[in-house]
Amino acid sequence: MSVNTSKRPLRLGMVGGGQGAYIGNIHRIAARQDGDWQLVAGAFDVDAKRGHAFAADEGLDPSRSYDDYRAMIHGELTRDDKIDAVAICTPNFTHFPISKAFLEAGFDVICEKPLTATLADAVALEQLVRDSDRFMGVTYTYSGYPMVHEARHMVAAGLLGKIRTVQVEYPLEWMATAIETAGNAQAAWRTDPNKNGRGGSIGDIGTHAYHLAGFVSGLILESLTADLATFVEGRALDDNAHVMLRYRGGARGLLWSSQVALGSSNGVRLRVFGEKASLTWFQEQPNELVHAKLNGRTEIIKRGADDLSESAKARTRTPPGHPEGYLEAFANLYAGFAEAIRARSEDREPSVIGRDIPTAYDGLKGVAFVDAVVDSSAASDQPWLTPVAV
Ligand code: NAD
């Protein structure tokens, strides 16, 4: 499908994200923010009746509210004003069949992370994208923040010198008790290996941390060793993960993801230490980046400062002092996806907002990471030694 998309908002369809769902609403807010997208079609719920009721509340043309994703593909293919892309906002195990079906029908896809629930599916999906001329974006939210782009720029520009170690963490508290057995639907599928995939906290949020660390540091993972734990009794998947990372070139890393970290609402934190300086970014104060130098001087770099990189500026909407955060970061991803799709249809290079955006290959790397973490933790020959004095 090659259509000229430059002069109009892109038409978005959505699968999942209906009444009571979490991330679909964030996608809709993000997609609306810059006028690049218009939501025109959907199969919003696993229950078709609920999905239609939701579509009606959203004011969608009833003929474009579909019973399921297959009906949506069929219906959209018959239209002159068919959707340009679909956003997949469903539980992990459905990402593969839904993405595959839309890609094979010729649509571009924006998919939630983790890309798939199994490594085999991720490999197949990424191959499918490579063999087609379709675009596939994966919503690694934290790579939408301007100060994360600034950090990436500073590392690439050599301001930290050679990177020695990366510390990244994503602690959450909402699954500190067995809410999956107390009626919380979102926790229920996240703790079911058949629906979530093999990695619990590591698949759900460790994938975000892994992507963020690689995105900023530019480091490529060589190997890892991991220790997964399940603290909530009866839970089938890990709810806490510690992972040691070895990167190509000798840098080391430490990654922690937890769904049981009381006091942590959404405490994504990244610290990158080089020979000349370090950088710290904390998503609960996302407008600041702390730059500590070898001479002891530490500066706080603020979003909106005059001398930031083009990449950070392109993702900034308001002057310094007016906080921007999660919704704007998500909107930056949507702006980037729109630019990537338009650039392809106009046969040109994307502008800065459409560069350094998360794609299917990043999604595949995330699923491969989870798989290696689970295997490592399960390996019986993992070297655990007890010190002579404990
Ligand atoms: P949720 O349980 O709140 O919502 C899932 C929605 O999908 C529901 O509306 C459900 O009815 C619908 N659904 C399920 N199967 C369907 C099908 N076959 N067809 C149509 N609709 C279907 O889940 P959530 O917390 O919003 O998570 C959804 C996805 O988003 C997951 O993959 C999760 O990992 C990801 N997520 C990403 C972020 C992020 O920061 N990028 C944050 C939260 C969740």
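Visitor: Where is the place of P114?

Guide: P114 sits in the loop between strand 4 (108-111) and helix 5. Helices and strands here are DSSP runs numbered from the N terminus: H or I over at least four residues for a helix, E over at least two for a strand. Please keep in mind that this is a predicted model, where local features need pLDDT of at least 70 and side-chain atom pairs count only at pLDDT 80 or more, while totals for chains, interfaces and linings use all residues. Residues are numbered from 1 along each chain as its sequence is written, and side-chain values use heavy atoms, leaving out hydrogens and water.

Visitor: What joins K113 and P114?

Guide: A cis peptide bond, with omega about -15°. Most peptide bonds are trans, and most residues other than glycine have a negative phi. D347 is not a glycine, yet its phi is positive, about 55°. You will find D347 in the loop between helix 11 (326-345) and helix 12.

Visitor: Why are helix 5 and helix 12 called roughly antiparallel?

Guide: Helix 5 (residues 119-131) and helix 12 (residues 360-378) pack at about 165°, their axes 9 Å apart. Axes are lines fitted to C-alpha atoms over the stretch in contact, and angles between N-to-C directions run from 0 to 180 degrees. Under 35 degrees counts as roughly parallel, over 145 as roughly antiparallel, 65 to 115 as roughly perpendicular, and the rest as oblique. The pair is therefore roughly antiparallel. Contact (heavy atoms within 4.5 Å) involves residues including L119 and V123 of helix 5 and Y361 and L364 of helix 12.

Visitor: Why are helix 6 and helix 9 called oblique?

Guide: The axes of helix 6 (residues 146-156) and helix 9 (residues 201-217) cross at roughly 45° and come within 7 Å. That angle falls in none of the named ranges, so the two are oblique to each other. Among the residues in contact are H149 and R152 of helix 6 and F215 of helix 9.

Visitor: Why are helix 3 and helix 4 called roughly parallel?

Guide: Helix 3 (residues 69-77) and helix 4 (residues 95-104) pack at about 10°, with axes 10 Å apart. The angle is under 35 degrees, so they are roughly parallel. Y69, M72 and I73 of helix 3 meet P97, I98, A101 and F102 of helix 4.

Visitor: How do you know that the ligand is in polar contact with W189?

Guide: A polar contact is a pair of N or O atoms within 3.5 Å. An N or O atom in the W189 side chain is 2.9 Å from a ligand oxygen atom, so the pair qualifies. A backbone N or O atom of Y22 also lies 2.9 Å from an oxygen atom of the ligand. For G18, a polar backbone atom is 3.3 Å from a ligand oxygen.

Visitor: How many residues surround the ligand?

Guide: There are 28, counting those with a heavy atom within 4 Å. The closest are I23, N92, E112, T141 and Q186.

Technical notes: A polar contact is a pair of N or O atoms within 3.5 Å; within protein, one must be able to donate a hydrogen and the other to accept it, and residues adjacent in sequence count only if both atoms are side-chain atoms.
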